[in-house]
Amino acid sequence: MAGDQNTNFHFDSYAPKEIAARVETVGVAKATMPLHVLFTLAILAGAFIAFGAMYYTVVITGSTLGLGPTKMLGSLAFSLGLVLVIVGGAELFTGNMLIVMAWADGKVSLTALLRNWGVVFLGNLVGAMLTAGAVHMAGSLEMGDGAVAETARRIADGKVALSWAESFTRGVLCNALVCLAVWLCFAAHTVTGKIAAILLPVSAFVAMGFEHSVANMYLIPVGMLQAGPIDGAAFLNNLIPVTLGNIVGGGAFVALSYYVCYIAPARKANPKN
């Protein structure tokens, strides 16, 4: 039928070389985005990741399935956050490590790169912490006779108990997987494909207990609020090394690696482009 002939269905993903070019183009757009738009989208991303973290907390509470299955189900629930960011459109600090590709290629200045990271990090922090405050005020974690609130406290306690070395290393491993999830999204032609690309890498980092700075902007404050005031020193003692680890994991291990493999050779072959 004529209608069928005019309909284009994409079953094949973009090739890695094409993904690299797409990531670089988007990186340039992100680095030049108007400040008010960038900050607003960053606040949304902080809230979106908080929604995923909230969902995770509820799902794992009271589970009798055992460690592995419980972690798997909870981590799939957490994936909601990145699905909302990617499909809904928002600016996430950890995913924006991929802008390093455009910086390494000379298409984004260091100033523009750091501007994006700084604004987005602050916006993510505002969005996540506002969501934590709203959840606490709403009493949403008191379900199950306070069992969810207790889970939130245990999650926060476990995170702030990590050493700097543990927090940093878990941050590296986490954002390697997060940026690979974003990378795979660039391979997809459809919304369904993007969601499928997100689920396994994101659920893997959550199930294995790696550390995501933006998720911790919600998980630590909301857990602390269940017991009393937020301990700012303990919060920062986790957030700083995790953030540095996220930068290394996403910016160096993923973005620079793919730059060396796909962008640099093309640049050398066509220096005028």
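Student: How many salt bridges are there in this structure?
Tutor: The count is five salt bridges, and keep in mind that this is a predicted model.

Student: What makes Lys107 and Glu24 a salt bridge?
Tutor: Their side chains meet at 3.0 Å, N to O. The cut-off for a lysine nitrogen and a glutamate carboxyl oxygen is within 4 Å, so 3.0 Å passes and the pair is called a salt bridge. The general idea is that side chains of opposite charge can pair when their charged atoms come close.

Student: Which parts of the chain does the pair of Lys107 and Glu24 tie together?
Tutor: Lys107 sits in the loop between α6 (100-104) and α7 (110-138), while Glu24 belongs to helix α2 (residues 16-31), so the pair links parts that are 83 residues apart in sequence.

Student: Why is Lys107 called partly exposed?
Tutor: Lys107 has 43% relative accessibility. Buried needs under 20% and exposed needs over 50%, so 43% falls in between and Lys107 is partly exposed. Its partner Glu24 has a relative accessible area of 6%, which is under 20%, so Glu24 is buried.

Student: How do you know that Lys107 and Asp105 make a salt bridge?
Tutor: The N to O distance is 3.9 Å. With the limit at within 4 Å, that pair counts, so we call it a salt bridge. As for Asp105, its 12% relative accessibility makes it buried.

Student: Which residues do salt bridges with shared partners join into one network?
Tutor: Glu24, Asp105 and Lys107. Lys107 pairs with Glu24 and also with Asp105.

Student: What about Lys30 and Glu91, why is that pair a salt bridge?
Tutor: Their side chains are 2.8 Å apart, N to O, so they satisfy the within 4 Å rule. Lys30 is in helix α2 and Glu91 is in the loop between α5 (80-88) and α6, so this pair ties together parts 61 residues apart in sequence.

Student: Are Lys30 and Glu91 buried or exposed?
Tutor: Lys30 comes in at 16% relative accessibility, which puts it under the 20% line, so it counts as buried. Glu91, at 5%, is buried too.

Student: Where is Ala102, and what does Ala102 touch?
Tutor: Ala102 is in helix α6. Leaving out residues up to four places away in sequence, Ala102 touches Glu24, Gly27, Val28, Lys107 and Val108. Ala102 and Glu24 are 78 residues apart in sequence, with 4.9 Å from C-alpha to C-alpha. Ala102 has a relative accessible area of 0%, so it goes down as buried.

Student: What makes helices α4 and α5 roughly parallel?
Tutor: Two packed helices are described by the angle between their axes and the distance between the axes. The axes of α4 (residues 67-78) and α5 come within 4 Å and cross at roughly 20°. Angles under 35 degrees count as roughly parallel, so α4 is roughly parallel to α5. In that pairing, Leu76, Ala77 and Phe78 of α4 meet Leu80, Gly81 and Leu82 of α5.

Student: Why is Val87 called partly exposed?
Tutor: Val87 lies in helix α5. Its relative accessible area is 37%, which is neither under 20% nor over 50%, so Val87 is partly exposed. Setting aside neighbours within four places in sequence, Val87 is in contact with Val191 and Ile195.

Student: How many disulfides does the structure hold?
Tutor: Zero. For Cys179, the nearest cysteine sulfur is that of Cys174, 9.0 Å away. A disulfide needs the sulfur atoms within 2.5 Å, so Cys179 is in none.

Student: Why is Cys185 not bonded to Cys179?
Tutor: The sulfur of Cys185 is 11 Å from the one in Cys179, which is its closest cysteine sulfur, and that is too far for a bond. Cys179 has 0% relative accessibility, so it counts as buried, and Cys185, at 3%, counts as buried as well.

Student: Which residues does UniProt list for "transmembrane region"?
Tutor: The unreviewed UniProt entry lists several stretches, including 37-56 and 168-188. Residues 37-56 are 100% helix and 0% strand, with the end C-alpha atoms 29 Å apart. Residues 168-188 are 86% helix and 0% strand, and their end C-alpha atoms are 31 Å apart.

Terms used: Residues are numbered from 1 along each chain as its sequence is written. This is a predicted model: local features need pLDDT of at least 70, side-chain atom pairs count only at pLDDT 80 or more; totals for chains, interfaces and linings use all residues. Side-chain values use heavy atoms; hydrogens and water are left out. Buried means under 20% relative accessible area, exposed over 50%, partly exposed in between (1.4 Å probe, protein chains only). Helices (H or I, at least four residues) and strands (E, at least two) are DSSP runs, numbered from the N terminus. UniProt positions are given in the numbering used here, feature names are shortened, and annotations may be inferred rather than shown by experiment. Axes are lines fitted to C-alpha atoms, for helices over the stretch in contact, and angles run from 0 to 180 degrees between N-to-C directions. Angles under 35 degrees count as roughly parallel, over 145 as roughly antiparallel, 65 to 115 as roughly perpendicular and the rest as oblique. Contact means heavy atoms within 4.5 Å.
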